[in-house]
Amino acid sequence: LYGFITCAILLIIFNFFMSYAKYKSIDSVKLASGTITYSSADLNIIAMYKKDDDNSEYEPVDTIPTSGYTIDNNMSYCKEPGNEQKMKNILNYENGILSLKYSKKGTKCYLYFINLSAKTLANLFNDFTTAESGTNFEKDNVTGILKVTGIDTEDNGNTLYKAEDNDGTSYFFRGKANNNWVQFAGNRWRIIRINGDGTIRIIFQCEGESCKDTTGEKTNAELKVSFNNISNDNTYEGFYYGKENGETYEETHTSLANNPSTVAKSLKAWYENNLTNYEQYIDQNAGFCNDRQVVTGVASSFNGTGIGTIATSYAAYGRVVKKSRNRQEQLPTLKCGVSAKTADEQEISVAVDDTAYARDLFTKEGASKGNGILPYPIGLITADEVVLAGGYYGVTNSSYYLYTNHDYWTMSPAYYIGGASVFEVSSNEYLSRNGVGSNYGVRPVINLKANITFSGGTGSVDDPFVVATN
């Protein structure tokens, strides 16, 4: 009897420790960069699939793809134990690293990967023609200077024009651009360009997933906002500004995080109300150029230092106002911080001043470039981008995709003379400039991640590209 009782006790103890050991066992799932370990009782990756193009079916795989793929958030999901609801937006796969959030032990995940070349929005344009010249537009192949001699009202078909930005070669739309409509975050947008790093720069077009407005008040996210409520100092040329009555250029134009312009406040509030649930699709490292370099040698009396109330011309004025040097063309750029400090230099140089680039490229806190003071990655179009899209300073054009028959702000300072002024797109059909205290519309600009996926569309107003969100 004693022997039987002893054996029974030992058997119970053995089974207990074996069960506990099984509960605490560690399994591994191979990843591109090695392995990830997890407690088998906490998480189960049930199945993994991948496909290489839009026309193929998903096929099961044993390991996460090593490179060239992105997670398909429209398909991938996890389930908590006892809950049949599919949890999405908790998975992220970037640079060979998979990360996910789960809340309960026994969570099960199903992962779907798709080849980047198959589903990224930028790759929709692989069959487009690219060009360095077009209607009233060409590149000087010796200096790299972009020269625009007039407006563009053409359809331009499946053509993307290319120019260098700070990150590489950028491809932009010009003229009517009937194939750059995007549906995202409950609204319609237009693609401005594919940036040099592959991210996609878009501008607000109208509110609602089915809107088709190309003109009128509905093309503004906010209708009447001043760029800055205060205008009596050069510092108020800033998207975020520095010190009023500063004694140096640095004090005047070094942006302070607690000094947002009126339009920056408006964009912050709009982002919080419309985009916080879509941040996983928005590039958090992108920048927006508020070029506050001064330029001298223009045909005007305001060739000052940019300090206090001294009459001053800013770089964009020298580039996109033809009469600034009585030249025959405008000289837009997609680079932020071009170092040319005189009108003569602007005609021969596209070199970038690192200090200006770090100061005037507005980026989100923690970004790897720019000034890193924005709470969210949102800004405005630049005067240079307007010119490259087909607009022109002082010349009417109602037949290019940025025309809305309504005034709206750009992010580019023009000059200070009795008050700060910034470029704006006028309802009178041309690029203009006005005092920062004026009330104009706001068209937010954001940058979509390079690896976003889409669920359909051809880019037309009746069939826009649809960014795949959950």
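This is a short talk on the disulfides and a few selected residues of one protein chain.

Before anything else, please keep in mind that the model is predicted.

I will start with the disulfides. How many does a search of the whole structure find? The search finds three. If you count the bonded cysteines along the chain, the pairing goes 1-2, 3-4, 5-6. Let us take the pairs in turn.

Cys78 is joined to Cys109, with an S to S distance of 2.1 Å. That is within the 2.5 Å used to call a pair of cysteine sulfur atoms a disulfide. The two partners come from distant parts of the chain, 31 residues apart. Cys78 belongs to strand β6, residues 77-79, while Cys109 belongs to strand β9, residues 107-115. Is this disulfide right-handed or left-handed? The torsion about the S-S bond is about 105°, so the disulfide of Cys78 and Cys109 is right-handed. Both of these cysteines are buried.

Next come Cys206 and Cys211. Their sulfur atoms are 1.9 Å apart, and they form a disulfide. The link between Cys206 and Cys211 has 85° about the S-S bond and is right-handed. Cys206 and Cys211 are both buried.

The remaining pair is Cys289 and Cys336, joined at an S to S distance of 2.2 Å. What do they tie together? Cys289 sits in strand β19, residues 287-289, and Cys336 sits in the loop between α5 (315-320) and α6 (343-346), so the disulfide connects parts that are 47 residues apart in sequence. The link of Cys289 and Cys336 has 75° about the S-S bond and is right-handed. Cys289 is buried, and Cys336 is buried as well.

Now to Asn290. It lies in the loop between β19 and β20, the latter being residues 312-313. Is Asn290 buried or exposed? Its relative accessibility is 0%, so Asn290 counts as buried; the cut-off for buried is under 20%. What does the side chain of Asn290 reach? It reaches the backbone oxygen of Glu237, at 3.4 Å. Glu237 also appears among the contacts of Asn290, once neighbours within four places in sequence are left aside. The other residues on that list are Gly238, Phe239, Asp360, Phe362, Met411 and Pro413.

Leu431 is another residue to look at. It is found in strand β24, which covers residues 431-435. Leu431 has 0% relative accessibility and therefore counts as buried. How far apart are Leu431 and Val320 in sequence and in space? They are 111 residues apart in sequence, and their C-alpha atoms are 9.2 Å apart in space. Leu431 touches Val320 too, in a list that leaves out residues up to four places away in sequence. That list also includes Ala383, Val386, Val387, Tyr392, Tyr393 and Gly394. Thr410, Phe423, Glu424 and Val425 are on it as well.

Last, a leucine in another setting. Leu1 lies in the segment before α1, the helix of residues 2-23. Its relative accessibility is 80%, so Leu1 counts as exposed; exposed means over 50%. Which residues make a nonpolar surface patch with Leu1? They are Tyr2, Phe4, Ile5 and Ile9, and the patch has an area of about 670 Å².

To set the two leucines side by side: Leu431 is buried, whereas Leu1 is exposed. That is the end of the talk.

Notes: Residues are numbered from 1 along each chain as its sequence is written. This is a predicted model: local features need pLDDT of at least 70, side-chain atom pairs count only at pLDDT 80 or more; totals for chains, interfaces and linings use all residues. Side-chain values use heavy atoms; hydrogens and water are left out. Helices (H or I, at least four residues) and strands (E, at least two) are DSSP runs, numbered from the N terminus. Buried means under 20% relative accessible area, exposed over 50%, partly exposed in between (1.4 Å probe, protein chains only). A polar contact is a pair of N or O atoms within 3.5 Å; within protein, one must be able to donate a hydrogen and the other to accept it, and residues adjacent in sequence count only if both atoms are side-chain atoms. Contact means heavy atoms within 4.5 Å. Patches are made of residues with over 30% relative accessible area and no salt bridge: like charges are joined within 9 Å, nonpolar side chains (Val, Leu, Ile, Met, Phe, Trp, Tyr) within 5 Å. Accessible areas come from the Shrake-Rupley method with a 1.4 Å probe; for residues, only the protein chains shown count as cover. A salt bridge is a side-chain nitrogen of Lys or Arg within 4 Å of a carboxyl oxygen of Asp or Glu.
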